[in-house]
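Here are three short exercises to work through with the sequence and structure at hand. Try each task yourself before reading its solution.

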Amino acid sequence: MSSSEACAIIEPELYMTFDAAGRTRRIYGVDFSGAKDAGRKIWISECVAEGDALFLLNCYPAYDLVPGKFKDRELCLSALCDLIVSSRNSVFGMDFPFSLPEQLMSGKDWYSFVSDFPCEYHSADEFRKAMQAAGGNTELKRLTDVEVKAPFSVYNLWVFKQTYHGICDVVRPLVMAGKVCVLPMQKPLNDKPWLMEICPASTLKSEGLYITYKGRSEKEKKTREHILDEMLCKGITIPEILREEIIHNKDGDALDSFIAAYATFRSVRKLGDIVGNLPDIYLREGYTFF
């Protein structure tokens, strides 16, 4: 018997609701991308939970949300926003920064920063150049980035497009329309989906599983299998067909989306303890749940 079979012992039919203070919410993990073909790189894991247990229902690339399965960034981010808005009773763990280091926000509160974002920065490249200049050509980090040991600054070469398009094309339109609650900057309301910032790398570090798993080689495939099987022993159930899809996704995006869902699940369960004790700086810079 494999470790996944040994740990996933509860029938899927039992994993139908997640009860948190009277709310029934579905859990989504989103591995994000700001690339031109973002629909190929963005993966979404959809889960339901009950008590200490989490069950994966589906795992798919964002282009599955688009008629014709087009991978274009604009189409896929619009479809992702539609999914969020239509999932009122859900929590979305999103793998991109929701804000900037405080010293780069020009004294604005978070809502004003988000509202002004596309007027301040007309493109991802312009955003990165402005951040580099304002940061004195150093890569400043937010307090939460330091605390969760995030690999990069929010405007690092590998991250800046995620930051820009995540804030500009997902967070901002949803916030301006009043369609979501972005935690912890906004109060979580029962009748709206919640967005939480997640960093899969930080979650893996907290679990002692931060090892190289992205790539085509057999070694990296085995590492993805090992990481997934370790997580399955934490009260998580994954259908075998989805387990195989996650393991065979060579870029690791499918696995990252599931890790994001897991981080969201365990953070929601202790949300009151987390949000109730956060200093004000997190209401401006954002907070990474892990």
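**Exercise 1. The largest pocket**

What volume does the largest pocket have? Then describe its lining.

*Solution.* Begin with the size: the volume is about 890 Å³ in this predicted model. Next, collect the lining, which consists of 36 residues. Nearest the centre of the pocket you will find Asp95, Phe152, Val159, Gln162 and Lys214. Now sort the lining by class: 19 residues are nonpolar, six are polar and eleven are charged. Finally, look at the elements. Helices H7 (160–176), H8 (200–206) and H11 (253–268), together with strand S8 (194–198), supply at least two lining residues each. H7 gives the most, with three residues.

**Exercise 2. The surroundings of Arg128**

Decide whether Arg128 is buried or exposed, and find its partners.

*Solution.* First, place the residue: Arg128 belongs to helix H5, which spans residues 124–134. Its relative accessible area is 15%. The cut-off for buried is under 20%, so Arg128 counts as buried. Then list its contacts, leaving out residues up to four places away in sequence: Arg128 touches Glu139, Tyr155, Asn156, Leu157 and Phe160. With Tyr155, the side chain of Arg128 reaches the backbone oxygen at 2.6 Å.

**Exercise 3. Confidence**

Which stretch has a pLDDT below 50?

*Solution.* Start with the whole protein chain: the mean pLDDT is 90, and 92% of the residues reach 70 or more. The stretch to pick out is residues 1–23, with pLDDT below 50. Beyond near neighbours in sequence, this stretch has 36 contacts in the model. Where pLDDT is low, predicted coordinates should not be read in detail.

Key. Residues numbered from 1 in each chain as written. Predicted model: local features only at pLDDT ≥ 70, side-chain atom pairs only at ≥ 80, totals over all residues. Heavy atoms only, no water. pLDDT = per-residue confidence, 0-100. Contact = heavy atoms within 4.5 Å. 1 Å grid on protein atoms, 1.4 Å probe; cavity = no way out; pocket = protein on both sides within 12 Å on 5 of 7 lines; lining within 4 Å. Points joined across faces, edges and corners; volume = space filled by probe spheres on them. Helix = DSSP H or I, 4+ residues; strand = E, 2+ residues; numbered from the N terminus. Nonpolar A, V, L, I, M, F, W, Y, C, P; charged D, E, K, R; others polar. Buried < 20%, exposed > 50% of the residue type's maximum accessible area, 1.4 Å probe, protein only. Polar contact = N/O pair within 3.5 Å; in protein donor to acceptor, adjacent residues only side chain to side chain.
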